[in-house]
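Please have the sequence and the model open while you read these notes. Take the points in order, and find each residue before moving on.

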Amino acid sequence: IIYVAAIGAFEKANRWQHALALLAVRQEARLPPNDHTFGAATSACAKAEQWQQALALLEMMPAVDGLAAGSGINSVRKACGSEKSLEMLCQFGEKWQVSQEAGSLDDGQVGKSWPEVLWRAPGVIAVQKHAGISTEALQERISCQLQKCVTGVSRLDLPTSGVLLSTLESEHWGNANWLKAQFASCLVTKEYVCLCHGASAASCGSRFKISSRLHVFKVEGSARAQVSETGREASTRFEVMAHFRAPDGVGISLLRAWPLTGRMHQIRVHLASLGFPLVADLNYGQRSDLQ
């Protein structure tokens, strides 16, 4: 735990060389690096865009998990483009032996299941998540309903509705690692529709991008995020869809959002930082009759 924490501190300070040096010290002390220390060092190299070092570490890992692989693949994507990163992803997929049979559902199970199953494939299921239920609670409910192991590969905030993707197997198995790597490497396109306070000056159809770094911290036991120069890279693209006026005359904007990174509360904080908090977002917005 101490080694992982120290390597994580070097990652935050963007000192990937120190992270690798600490990994070497552990080996010299006859303490073989485990998945956690390898993963932390890989993340440090990936953050510094040292993709060759990150891939070298992944090759040394006895068992590469999806998050560690995705971190390394993401650094390849930034340096060499999506085509090369997809090639790397497929190579890891072969190592994980992605199953086409694991956790299959029959029509009877899908018909009886709650929540609504939007899409399914061997070992994978996509369901409708409604606002007000946590990702973790929904996955537990799916597992109980289907009597199968369910592993989440993505998550949605409590007040967010949308499509939730999970695998029907253990988190250490092939399909789970395969999908986690795709999300961690930012190779998955995610799209959201947002209703915001404030009338944007941009005309309908206009697009813009926010690339403010985000820092996550704890407040009374809850995680929050804020724009900070010392935070992690975060980028979101937006498109203005429509403008409205609330009954009290307050301007409302409807936006489409594409997060290019996957930071906690990214869309919510980016919009709030511009003065356009999401309607009914009590953490980063304001109380309103529109709730």
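1. Start with V240. This residue lies in strand β9, which covers residues 236-245. Keep in mind that the model is predicted.

2. Is V240 buried or exposed? Its relative accessibility is 0%, so V240 counts as buried. The cut-off for buried is under 20%.

3. Now look at what surrounds V240. Neighbours within four places in sequence are left aside here. V240 is then in contact with S200, A202, S203, C204, G205, S206 and F208. L254 and L255 also contact V240. A201 is worth finding too: 39 residues separate V240 and A201 along the chain. Their C-alpha atoms are 9.7 Å apart.

4. Move to A41. Helix α3, residues 35-47, holds this residue. A41 has a relative accessible area of 0%, and therefore it is buried. Leaving aside neighbours within four places in sequence, A41 is in contact with I7, L23 and L57. Take L57 from that list. A41 and L57 are 16 residues apart in sequence, and 7.8 Å apart from C-alpha to C-alpha.

5. Next, the nonpolar cores. In soluble globular proteins, nonpolar side chains tend to be buried together. Which residues have the most contacts inside the largest nonpolar core? They are I7, L57, L58 and F92, in a core of 27 residues. At least two residues of this core come from each of α2 (16-28), α3, α4 (51-60), α5 (66-80) and α6 (82-96).

6. Pick out F92 and check its partners. Not counting residues up to four places away in sequence, F92 touches L58, V64, A69 and I73. Another core lies apart from the largest one, and it has 22 residues. Among them are L146, Y192, C194 and L278.

7. Last, a helix pair. Two packed helices are described by the angle between their axes and the distance between the axes. For α6 and helix α9 (residues 174-184), the angle is about 165° and the axes are 9 Å apart. Angles over 145 degrees count as roughly antiparallel, so α6 is roughly antiparallel to α9. The crossing of α6 past α9 is right-handed.

8. Which residues meet where α6 and α9 pack? From α6 come L89, C90, G93 and W96. From α9 come G174, N177, W178, A181 and Q182. The residues of this contact divide into five nonpolar and four polar, with no charged ones.

Note on methods. Residues are numbered from 1 along each chain as its sequence is written. This is a predicted model: local features need pLDDT of at least 70, side-chain atom pairs count only at pLDDT 80 or more; totals for chains, interfaces and linings use all residues. Side-chain values use heavy atoms; hydrogens and water are left out. Helices (H or I, at least four residues) and strands (E, at least two) are DSSP runs, numbered from the N terminus. Buried means under 20% relative accessible area, exposed over 50%, partly exposed in between (1.4 Å probe, protein chains only). Contact means heavy atoms within 4.5 Å. A nonpolar core is a set of buried Ala, Val, Leu, Ile, Met, Phe, Trp, Tyr and Cys residues joined through side-chain atoms within 4.5 Å. Axes are lines fitted to C-alpha atoms, for helices over the stretch in contact, and angles run from 0 to 180 degrees between N-to-C directions. Angles under 35 degrees count as roughly parallel, over 145 as roughly antiparallel, 65 to 115 as roughly perpendicular and the rest as oblique. A crossing is left-handed if the near helix is turned anticlockwise from the far one by less than a right angle, and right-handed if clockwise. Ala, Val, Leu, Ile, Met, Phe, Trp, Tyr, Cys and Pro count as nonpolar, Asp, Glu, Lys and Arg as charged, and the others, Gly among them, as polar.
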